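Work through the exercises below with the sequence and the structure at hand. Try each task before reading its solution.

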Amino acid sequence: MPRLFERGISWDQRMAAVIKILLLEYDRVAGKEILDYLAGDGNTVQWVTDQESCLQWLNQEAFDAFFLSLEQGGEDGLELVEYAKKANSFGLVICLPSHEQTRLALRAMGRGADAYVKRPFDCEELKVILARLLEHRSLLGANFYLRRTQDLIYRFDDIIGSSQSLKKVLAVVRKVAYSNASILIDGETGTGKELIAGAIHYNSSRREKNFIKVNCAALQDTLLESELFGHEKGAFTSADKQRVGRFEQANFGTIFLDEIADMSASTQAKVLRVLQEQEFERVGGTKTIKVDVRLISATNKDLKEEIAQKRFRDDLYYRLNVVNIFIPPLRERTEDILPLAQYFLRRFAGELSKKLTDLTPDAQRALESYHWPGNIRELRNTVERAVLLNEGDRIPREDLFPNWSETQAVAMDTAALPMPDSVQRLVDMEKRLILDALDKSNWVQKEAALYLGISRRVMHYKIQKYGIRNPNWVKNK
Ligand SMILES: Nc1ncnc2c1ncn2[C@@H]1O[C@H](COP(=O)(O)OP(=O)(O)OP(=O)(O)O)[C@@H](O)[C@H]1O
Ligand SMILES: [Mg+2]
């Protein structure tokens with residue numbers, strides 16, 4: 001007779017959620033014992049004593065785990081394993097064979113069972129095996145989720161920009177993705193180095209394997225070595241367990257070493273060895289570990305300068321830099337600014353369920369004239385904040401740049417302007433700037449003064465000085 005037990009609180013912290021278990025046990029004494037044990041921690045356990053009711057329950061409900069005795073069923077037990085996996089591929093199947101049924105249990109594993117526990121067993125064993133399998137299943141789930149979302153993040157379609165320089169970068173990426181060549185990506189902060197590294201991995205033959213990222217600047221020397229290569233138990237004071245390093249996790253996949261210039265000499269030597277020999281030892285270990293890993297690295301420092309200063313090994317540099325990809329700063333590819341801003345606008349408006357669809361012309365001009373020291377990351381944050389603040393259908397300049405006059409003053413840095421070669425030119429340039437500012441502000445003097453970071457009085461004075469007049473007003477007259 002099927003019986004349903006629900007009680008108390010759950011097992012341990014790892015199994016915080018109550019789980020649903022189906023148990024097929026023909027023997028009443030054993031069945032009762034297992035049921036009491038498993039249900040004792042708050043799980044829902046459905047116990048059945050024959051295959052027919054077992055099938056009914058399998059058709060009716062999805063179980064987290066299905067324990068089935070192989071003792072009476074023989075070959076039918078194998079069919080049940082297969083059936084359970086087909087009915088609910090995410091449910092765990094654990095067989096309970098007799099001591100002599102090892103071969104049958106192995107065949108059950110071949111048909112999809114996740115584990116078996118031979119009799120006689122202590123019920124505690126069931127609990128331990130189940131906890132392990134559940135943990136493994138949740139890691140697989142998390143991994144699957146990450147892969148799915150990472151795939152989305154790193155699709156070529158989501159790399160926005162139509163500038164010649166970005167097109168060149170993408171052409172190189174497509175060409176080299178499939179090779180195993182090491183790639184060094186240079187570029188200022190926020191230009192998209194990590195995005196490009198991800199795109200390379202997800203468009204390579206290694207895409208089904210791990211893409212592991214390590215920021216070399218985030219960890220001190222010894223910690224970075226243990227992060228990269230792992231360590232053996234007792235390798236240093238706090239090493240109370242063995243640890244698998246990132247190179248091992250990236251086996252058959254890709255490792256992305258960010259801010260590579262920040263590695264110590266000893267770590268540099270070890271990374272060089274992995275590149276040359278594809279092998280290393282864990283910190284405090286003697287066993288040599290072989291790996292097949294593709295290396296992509298990135299830096300926003302000038303590595304040649306680091307080599308000149310003897311802070312970076314030149315032999316490592318040449319190994320890392322088989323292919324070099326330089327991502328230019330956003331201010332050097334201004335035609336990418338608006339497409340990127342529109343892309344972020346659509347994305348964040350969608351995520352936040354806002355009806356925003358566009359930027360005002362003024363906002364567009366402001367975005368294009370700003371020099372973006374934080375590159376695309378800064379642009380993305382700027383648009384995200386503006387989307388968050390805005391309830392209308394178009395983003396105005398004020399939401400993007402609340403302190404526009406200061407921003408403008410920075411943007412007007414002298415490097416962006418041609419150097420005047422005579423006093424007369426300087427005067428011309430001032431007049432041109434004032435005309436520009438008036439044009440941008442639709443001839444509202446107060447706003448034009450804000451653009452230039454000067455007072456209204458000074459603005460008025462300059463307009464008089466240069467005899468500037470609103471052309472529309474002149475025409476209408
Ligand atoms: N061409 C692009 N299209 C769409 N999004 C981009 C593009 N380039 C960069 N981004 C986005 O800009 C942000 C910054 O990019 P990323 O983290 O790759 O920069 P980075 O060069 O690695 O920066 P850092 O040197 O600071 O680590 C990310 O959110 C990324 O998705
Ligand atoms: Mg980065």
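## Aromatic cluster and ligand site

In this predicted model, Tyr 202, Phe 211 and Phe 256 make up one aromatic cluster.

**Exercise 1.** Find how many aromatic pairs the whole structure has.

Solution. Step one: apply the cut-off, by which two rings pair if their centres lie within 6.5 Å. Step two: search the whole structure, which yields eleven aromatic pairs.

**Exercise 2.** State which residues come nearest to ligand 1, and sort its shell by class.

Solution. Step one: take the 18 residues around ligand 1; Ile 160, Thr 189, Gly 190, Lys 193 and Arg 377 come nearest. Step two: sort the shell into six nonpolar, five polar and seven charged residues. Step three: look for the helices that each supply at least two shell residues; these are α7 (193–202), α13 (337–351) and α15 (375–389).

**Exercise 3.** Determine which atoms of Ile 160, Thr 189 and Lys 193 lie within the 3.5 Å limit for a polar contact with ligand 1.

Solution. Step one: for Ile 160, a backbone N or O atom is 2.9 Å from a nitrogen atom of the ligand. Step two: for Thr 189, a side-chain N or O atom lies 2.6 Å from a ligand oxygen atom. Step three: for Lys 193, a polar atom of the side chain is 2.6 Å from an oxygen atom of ligand 1.

**Exercise 4.** Work out how much of the accessible area of ligand 1 the protein covers, and where the ligand sits.

Solution. Step one: on its own, ligand 1 has 640 Å² of accessible area, and the protein covers 88% of it. Step two: place the ligand; ligand 1 sits in the largest pocket.

Methods
Residues are numbered from 1 along each chain as its sequence is written. Chains are lettered from A and ligands numbered from 1 in the order in which they are written. This is a predicted model: local features need pLDDT of at least 70, side-chain atom pairs count only at pLDDT 80 or more; totals for chains, interfaces and linings use all residues. Side-chain values use heavy atoms; hydrogens and water are left out. A residue is near a molecule or strand if one of its heavy atoms lies within 4 Å of it. A polar contact is a pair of N or O atoms within 3.5 Å; within protein, one must be able to donate a hydrogen and the other to accept it, and residues adjacent in sequence count only if both atoms are side-chain atoms. Accessible areas come from the Shrake-Rupley method with a 1.4 Å probe; for residues, only the protein chains shown count as cover. On a 1 Å grid over the protein atoms alone, a cavity is a set of points where a 1.4 Å probe fits but cannot get out, and a pocket is an open set with protein on both sides within 12 Å along at least five of seven lines; lining residues have an atom within 4 Å of a point. A molecule sits in a cavity or pocket if more than half of its atoms lie within 2 Å of its grid points. Helices (H or I, at least four residues) and strands (E, at least two) are DSSP runs, numbered from the N terminus. Ala, Val, Leu, Ile, Met, Phe, Trp, Tyr, Cys and Pro count as nonpolar, Asp, Glu, Lys and Arg as charged, and the others, Gly among them, as polar. Rings of Phe, Tyr and Trp (its six-membered ring) pair if their centres lie within 6.5 Å; planes under 30 degrees apart count as stacked, over 60 as edge-to-face and the rest as tilted.
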